[in-house]
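Walk me through this model, please. I want to know how its aromatic rings, cysteines and DNA contacts are laid out.

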Amino acid sequence: MKIATWNVNSLKVRLPQVLDWIETHRPDVLALQETKLTDENFPRDEMLAAGYQVVHSGQKTYNGVATLSRSPATDIITDAPGLDDPQRRILGTTIDGVRILNLYVVNGAEVGSEKFAYKMDWLEKVTALIERERRDHEDYIVLGDFNIAPTDEDVYDPEKCQERILCSTAERQALQRILDLGFTDTFRLFEQQPATFSWWDYRHLAFRRNRGYRIDLILASPSMAQRCKATWIDQTPRKLERPSDHAPVIAEFEDR
DNA sequence: ATGGTGGCGCGGCCA
């Protein structure tokens, strides 16, 4: 089973790239973030023609999460309890018996800002949701754009980024609280090249200089981590014309 | 250096 995540930064713009990519990689599940589309504008027919079922929780202009899958998705949720939130950032589905929680974590702007406080509150409520759902789903994957670089290894210049957004102790502790529920960052199950990132700012030639961050993660429950054969970041789409600022991440799991 | 780039959508917000 291949499970992937990709922040596409507008599915309207990136649709041809996404269709090419799923044709090449044939993931069983692809979690998308930042679709920036209402549900009625989602390119459902194109995805169906490519062999993928679609669940989307979107809004105009901002945010939006979609989960594409070769098998149908059931038990769909689009919110966490206590998060009375119009922002479309959460999409839970069950696909081939695996619970998949697709997240577009709040960016948080700047440490100490109002948006940062909101990010912390949002993460707390999502963590409570995961904790509750975990009891009913042994095979559980949490994936998406976490807007948190787990460690200094996941940042191009740790000193420059110290205690700044994406890297602060508070954000890393919030991620650790999810990991403490029994999840593994599957990328780190395997030997990786140093300075392998999943997001680079559009500005200052950051991609060419590899000034990036690894903030797109695939977390696995113990039963899934045990079956994980490989996790890698596909930087090919980031090199295309008019790319997303994020690269897709793929994890491959042995079948039960 | 408070800039810079990109998306949405047409002014200003968000990342």
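W200 has 0% relative accessibility, so this tryptophan counts as buried. The model is predicted, and every value here is computed from it. W200 also has an aromatic partner, F207. Their ring centres lie 4.8 Å apart. The planes meet at 85 degrees, and the pair is edge-to-face.

How many aromatic pairs are there by this rule? The count is five. Take W199 and Y213 next. Their ring centres are 5.5 Å apart and their planes stand at 45 degrees, so this pair is tilted. An angle between 30 and 60 degrees is neither stacked nor edge-to-face. The pair also links distant parts of the chain. W199 belongs to strand β10 (residues 199–200), while Y213 belongs to strand β11 (residues 212–213). The two residues are 14 apart in the chain. Both W199 and Y213 are buried. They are also part of a cluster: Y156 joins W199 and Y213 in one aromatic group.

Two rings carry a charge above them. The charged end of R70 sits over the ring of Y52, 5.6 Å from the ring centre. Over the ring of F183 sits the charged end of R134, again with 5.6 Å to the centre.

Now the cysteines. How many disulfides does a search of the whole structure find? It finds zero. C161 shows the spacing: the nearest cysteine sulfur belongs to C167 and is 4.7 Å away. A disulfide needs the two sulfur atoms within 2.5 Å. C161 is therefore in no disulfide. C161 has 6% relative accessibility and so counts as buried. C228 is buried too, with a relative accessible area of 10%.

Turn to the nucleic acid. Which residues come closest to DNA strand B? They are S10, R14, K60, T61 and R203, out of 15 residues that surround the strand. Sugar and phosphate make up 69% of the strand B atoms that come within 4 Å of the protein. By class, the protein surface near DNA strand B holds six charged, five polar and four nonpolar residues.

Individual contacts fill in the picture. A polar side-chain atom of S10 lies 2.4 Å from a phosphate oxygen of DNA strand B. R89 also places a polar side-chain atom by a phosphate oxygen of the strand, at 3.5 Å. H204 addresses a base instead: one of its polar side-chain atoms is 3.5 Å from a base nitrogen of DNA strand B.

Last, look at the backbone. Which residue other than glycine has a positive phi near 60 degrees? That is N63. N63 is found in the loop between β3 (53–57) and β4 (65–69). At 7% relative accessibility, N63 counts as buried. E34 has a positive phi as well, about 55 degrees, although E34 is not a glycine. The loop that holds E34 runs between β2 (29–33) and α2 (44–49). Is E34 buried or exposed? E34 is buried, with a relative accessible area of 12%.

Terms used: Residues are numbered from 1 along each chain as its sequence is written. Chains are lettered from A and ligands numbered from 1 in the order in which they are written. This is a predicted model: local features need pLDDT of at least 70, side-chain atom pairs count only at pLDDT 80 or more; totals for chains, interfaces and linings use all residues. Side-chain values use heavy atoms; hydrogens and water are left out. Rings of Phe, Tyr and Trp (its six-membered ring) pair if their centres lie within 6.5 Å; planes under 30 degrees apart count as stacked, over 60 as edge-to-face and the rest as tilted. Helices (H or I, at least four residues) and strands (E, at least two) are DSSP runs, numbered from the N terminus. Buried means under 20% relative accessible area, exposed over 50%, partly exposed in between (1.4 Å probe, protein chains only). A charge sits over a ring if NZ of Lys or CZ of Arg is within 6 Å of the ring centre and within 35 degrees of the ring normal. A residue is near a molecule or strand if one of its heavy atoms lies within 4 Å of it. A polar contact is a pair of N or O atoms within 3.5 Å; within protein, one must be able to donate a hydrogen and the other to accept it, and residues adjacent in sequence count only if both atoms are side-chain atoms. Ala, Val, Leu, Ile, Met, Phe, Trp, Tyr, Cys and Pro count as nonpolar, Asp, Glu, Lys and Arg as charged, and the others, Gly among them, as polar.
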